[in-house]
Amino acid sequence: LAEFEQAKLFVEQEFALSERQADGRTLRENLENVERQLKRKPKELEDLVELPEAFQEYWQWFLRLSNHRPSGMGISAIPYSEYVAFFQLIGVNPDPYEIEILEVFDSIALKHYAKQQEKEQAKAKQKSTKR
C-alpha cells in the first residue's frame with residue numbers, strides 16, 4: 001500500500017511539473033532553466049517522488065491510454081472501450097486491480113485538467129473585465 005501511495009504522489013507531481021506557465025513552458029522546464037543558470041537544484045526539484053518499480057509499467061500504460069482519451073467539450077475519463085482495445089493490441093489480459101490503478105491515475109489526471117481549466121477560465125474572465 002505504501003508503494004501505491006508513493007505512485008499516486010508521483011503521478012500528482014508529474015502533472016504539477018507539466019503544468020504550463022505564463023511563458024508557455026512547463027514548470028519543469030522553467031525549474032530546469034533555473035537550475036542551469038544557478039548551477040544548483042531549485043528546492044522544487046529536490047526530493048522528487050520516485051515512481052516505484054512495481055508501477056513503471058502501469059505508468060507507461062496510462063501515458064499511452066491517455067493519448068487516446070476522447071475530447072470534445074473538455075477532457076473526459078479514459079473509456080473502457082479504450083482499455084479493451086489497448087490491452088487487446090498489446091496482448092495483455094489485465095487483472096481488475098491493474099485497471100483500478102489506471103483509473104486512479106486517470107482520476108488524478110482529470111483533477112489536474114479541471115484545475116487547469118479553472119485557471120484558464122479565471123484568466124480569460126480577468127482579461128475580459130480589463131477591456
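1. Fold. The chain holds five helices and zero strands. Read from the N terminus, the elements run α-α-α-α-α. Bear in mind that this is a predicted model.

2. Overall dimensions. Along the principal axes, the C-alpha atoms fill a box of roughly 50 × 40 × 25 Å. The accessible surface of the chain is about 9,300 Å². Carbon and sulfur atoms account for 51% of that surface.

3. Burial and contacts. The chain has 131 residues, and 29% of them count as buried. Now take the contacts between residues at least 6 apart in sequence. Of these, 60% join residues at least 24 apart.

4. Helix α4, the buried side. Helix α4 spans residues 80-90. Which of its residues are buried? They are Tyr 83, Phe 86 and Phe 87. These residues lie on the same side of α4, because they cover an arc of only 90° around the axis. The general rule is helpful here. An α-helix has 3.6 residues a turn, so residues three or four places apart point the same way.

5. Helix α4, its partners and its other side. The buried residues of α4 pack against two helices, α3 (56-66) and α5 (96-130). The other side of α4 carries exposed residues: Val 84, Gln 88 and Leu 89. So read α4 with two sides in mind: Phe 86 and Phe 87 are among the buried residues, while Gln 88 and Leu 89 are among the exposed ones, an assignment that rests on cut-offs of under 20% relative accessible area for buried and over 50% for exposed.

6. The end of α4. Gly 91 follows the helix. Its phi is positive, near 70°.

7. The largest pocket. Its volume is about 170 Å³. The lining includes Glu 14, Phe 15, Leu 17 and Ser 18. Thr 26 and Arg 28 also belong to the lining. Trp 59, Phe 62, Leu 63 and Ser 66 line the pocket too. Asn 67 and Tyr 113 complete the list.

8. Who builds the lining? Which helix gives the most to the lining of the largest pocket? The answer is α3, with four residues. Both α1 (2-17) and α3 supply at least two residues each. By character, the lining residues divide into six nonpolar, four polar and two charged.

9. Glu 19, a residue to look at. Glu 19 sits in the loop between α1 and α2. Is Glu 19 buried or exposed? It is buried, with a relative accessible area of 10%. Set aside its neighbours within four places in sequence. Glu 19 is then in contact with Arg 25, Thr 26 and Leu 27, among others. The remaining contacts of Glu 19 are His 112, Lys 115, Gln 116 and Lys 119. One of these contacts, Thr 26, also appears in the lining of the largest pocket.

10. Positive phi at Lys 39. Lys 39 is not a glycine, yet its phi is positive, about 65°. Where does Lys 39 lie? Its place is the loop between α2 (27-38) and α3. Lys 39 counts as exposed, at 73% relative accessibility.

11. Positive phi at Asp 47. Asp 47 is not a glycine either, and its phi is positive at about 55°. Asp 47 is in the loop between α2 and α3. Its relative accessibility is 76%, and Asp 47 therefore counts as exposed.

12. Lys 43. Lys 43 is found in the loop between α2 and α3. Its relative accessible area is 67%, so Lys 43 is exposed. Lys 43 and Arg 64 are 21 residues apart in sequence. In space they are 30 Å apart, C-alpha to C-alpha.

13. Ser 71. This residue belongs to the loop between α3 and α4. At 67% relative accessibility, Ser 71 counts as exposed. How far apart in space are Ser 71 and Leu 51? The pair is 28 Å apart, C-alpha to C-alpha, and 20 residues apart in sequence.

14. Points to take away. The chain is made of five helices, with zero strands. Helix α4 packs its buried residues against α3 and α5. Helix α3 also gives four residues to the lining of the largest pocket. Among the loop residues, Glu 19 is buried, whereas Lys 39 and Asp 47 are exposed.

Methods:
Residues numbered from 1 in each chain as written. Predicted model: local features only at pLDDT ≥ 70, side-chain atom pairs only at ≥ 80, totals over all residues. Heavy atoms only, no water. Buried < 20%, exposed > 50% of the residue type's maximum accessible area, 1.4 Å probe, protein only. Arc of directions from axis to C-beta. Contact = heavy atoms within 4.5 Å. 1 Å grid on protein atoms, 1.4 Å probe; cavity = no way out; pocket = protein on both sides within 12 Å on 5 of 7 lines; lining within 4 Å. Points joined across faces, edges and corners; volume = space filled by probe spheres on them. Nonpolar A, V, L, I, M, F, W, Y, C, P; charged D, E, K, R; others polar. Areas by Shrake-Rupley, 256 points an atom, 1.4 Å probe, with all protein chains shown as cover.
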